[in-house]
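Please read the report below with the sequence and the coordinates open beside it. It goes through cysteines, internal cavities, a helix and two serines in turn.

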Amino acid sequence: MSVVPNASLTAIRGRAELGALRRGIEKESLRVTPAGLLARTRHPVELGSPLTHPHITMDFSEAQLELITGVHPSAEAALDELADVHRYVYANVGDELLWAASMPCMMGRDDNIPIARFGNSNAGKSKTVYRNGLSHRYGRLMQTISGIHYNFSLPQALWPAIAAGRGEAADRDFVTRAYFGLIRNFRRYSWLLVYLFGASPGLCKSFIRDAESGLEPFDEGTLFLPHATSLRMGRLGYQSDAQSSLHISYNTLAEYAHTMHDALTRPYPPYEAVGVKVGTHYRQLSNTLLQIENEFYGTIRPKRRTHSGERPLEALYGRGVEYVEVRCLDLNPFLSLGIDADVCRFLDVFLLVCLLSDSPPDSRTESERMVANQLRVVERGREPGLTLADGGSGVPMATWAGQLLTECARVASEIDAATGNAAHMDSVERQRAKIAEPDLTPSARVLNALRQQRVPFFRFAMNQSAAHRGYFEERPLRPERQKELTAMSEESLAAQARIENADRETFDQYLKRFLALDIPRTGRR
């Protein structure tokens, strides 16, 4: 594995900006009834417009909330905002609960899962058509799996020091190259996050509609694998046969743009068979392998905020990487927010290690090896003596994890020196303990809770969901914060109305313009 060069540590040493790393959190949760069934109610109007609200939207389903924070210089600030948004949601969803686990339960037939609707504007319709496409391509059930996305970036003032340590100028191209180096290393080592934070070792029998799941019975209502960590990240989760042959290169922005452009513009025969517009009804946005960039199921994405009407790939190609989005985190059902400051601090350390370490080019062969490593950790992560592939040889997972955590400790000490506490080093040591004692991992704790409480997965998740709602109800919003969030919801509804009133083209015209990617097909700059 790569290690953080001493020159990179020297470059960041003593930099106060290490205490102001930037992060934001996006948390998906299903709304369920007090009986544990998927809510059939529309997105509550009190929560504002999911098209325009900055903090409350929907993912795939009308019943799948996505709660979003702004960008914050501390983990605590991001979590405080996420907690306030939860309080506001609970106050406006009647007696419904937010499902505490990543894997859903009691979903019924696919056509009982309502697809999210975003209003009558062309932009809103395109979001719903995209989700129609997902339902035709992968089925609705898979789309209801929920998780946490962690957005990470460095403060602008830290880049000159990092660039100087490499003998380069801190221009936009350097920042983009550094983020792509981070992404390549993240993909090599993200199996560690799956082990440390995976919290879906089992699931409700109702989720399985195929007898060939490969899972074992845990009790009358639960299926599992004895050493699994995150079934959400495995064969039953966000996996796609269509995408399995797709190699997206992260070596350079140009190569990334080229390989993504191909997937976004190349027709895929099974999706051609589905049809795009059948009669007056749109079944999907396009018949290409990917309808839009977000359909690619990566564990991490390079990101850039977009302008109105701009595609994500156009924004990246034109202005470079602004931040990365980590997508491999389960909801931790033991935590009221699904994530806590300790997890955030470790993610900050881990991502900084990935950025500072040497990062060789990727390849299709290595990508296949990384996918295989992830699947081994998903299904067998807590198995004693498990080995992973590192280059052409096998290495004990525990040994490799220890090496990575040693690098994390070196970076954590630099962050702690800047912040004047030991919080990041403490987080690294807590993760190290999970390597020595697998029973400390969230996945093991979930299975232990099922055994100790003698309940199936469904009842465990329901109990946790009710407990989380109770936690926030006992700690209601401050009146002034309630007023702010109410005003935000009202403004979002007004903003949606303005967008709908401003439309001057048909949806067919809008879609043709939206799908036209304005980058060279070769991806060369």
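The paragraphs that follow describe selected features of this structure, which is a predicted model.

**Cysteines**

The structure holds 1 disulfide, and the bond joins C105 to C204 with an S to S distance of 2.3 Å. This pair links distant parts of the chain, since C105 sits in the loop between strand 4 (97–98) and helix 3 (122–138) while C204 belongs to strand 6 (residues 202–204), and the two are 99 residues apart. The torsion about the S-S bond of C105 and C204 is about 40°, and the disulfide is therefore right-handed. Both partners lie under the 20% limit for a buried residue: C105 has a relative accessibility of 4% and counts as buried, and C204, at 5%, counts as buried as well.

What keeps C344 from forming a bond with the closest cysteine sulfur? The sulfur of C344 is 13 Å from that of C328, which is too far for a bond. C354 is likewise in no disulfide, the nearest cysteine sulfur being that of C408 at 7.7 Å. C344 is buried, with a relative accessible area of 0%, and C354 is buried with a relative accessible area of 1%.

**Cavities**

The count comes to 3 cavities of 30 Å³ or more, and the table describes the largest and the second largest.

| Cavity | Space | Lining by class |
|---|---|---|
| Largest | about 70 Å³ | 6 nonpolar, 2 polar and 1 charged |
| Second largest | about 50 Å³ | 7 nonpolar, 4 polar and 1 charged |

The largest cavity is lined by F197, L329, D330, N332, L335, G338, I339, V343 and P442. Around the second largest cavity, the lining residues are K27, Y90, L98, W99, A100, L331, N332, L335, S336, L337, G338 and H468. N332, L335 and G338 appear in the linings of both cavities.

**Helix 9**

Does the end-to-end distance of helix 9 agree or disagree with the span expected from its number of residues? At 1.5 Å a residue, the 13 residues of helix 9 (residues 253–265) should span 18 Å, and the end C-alpha atoms are 18 Å apart, which agrees. The buried residues of this helix are L253, Y256, A257, T259, M260, H261, A263 and L264. An α-helix has 3.6 residues a turn, so residues three or four places apart point the same way. The buried residues of helix 9 pack against helix 6 (172–189), strand 11 (300–303) and helix 11 (312–319).

**Two serines**

S29 is placed in strand 1 (residues 22–32) and, with a relative accessibility of 1%, counts as buried. When residues up to four places away in sequence are left out, S29 touches A63, Q64, L65, L98, W99, S146 and L331. Of these contacts, L98, W99 and L331 also belong to the lining of the second largest cavity. The C-alpha atoms of S29 and G338 are separated by 9.5 Å, although the two residues are 309 residues apart along the chain; G338 is itself one of the residues lining that second largest cavity.

S367 is found in helix 13 (residues 364–380) and is buried, with a relative accessible area of 8%. Again not counting residues up to four places away in sequence, S367 touches R187 and H247.

Definitions and conventions: Residues are numbered from 1 along each chain as its sequence is written. This is a predicted model: local features need pLDDT of at least 70, side-chain atom pairs count only at pLDDT 80 or more; totals for chains, interfaces and linings use all residues. Side-chain values use heavy atoms; hydrogens and water are left out. Helices (H or I, at least four residues) and strands (E, at least two) are DSSP runs, numbered from the N terminus. The expected span of a helix is 1.5 Å times one less than its number of residues. Buried means under 20% relative accessible area, exposed over 50%, partly exposed in between (1.4 Å probe, protein chains only). Contact means heavy atoms within 4.5 Å. A disulfide is a pair of cysteine sulfur atoms within 2.5 Å. On a 1 Å grid over the protein atoms alone, a cavity is a set of points where a 1.4 Å probe fits but cannot get out, and a pocket is an open set with protein on both sides within 12 Å along at least five of seven lines; lining residues have an atom within 4 Å of a point. Grid points are joined across faces, edges and corners, and a volume is the space filled by probe spheres set on the points. Ala, Val, Leu, Ile, Met, Phe, Trp, Tyr, Cys and Pro count as nonpolar, Asp, Glu, Lys and Arg as charged, and the others, Gly among them, as polar.
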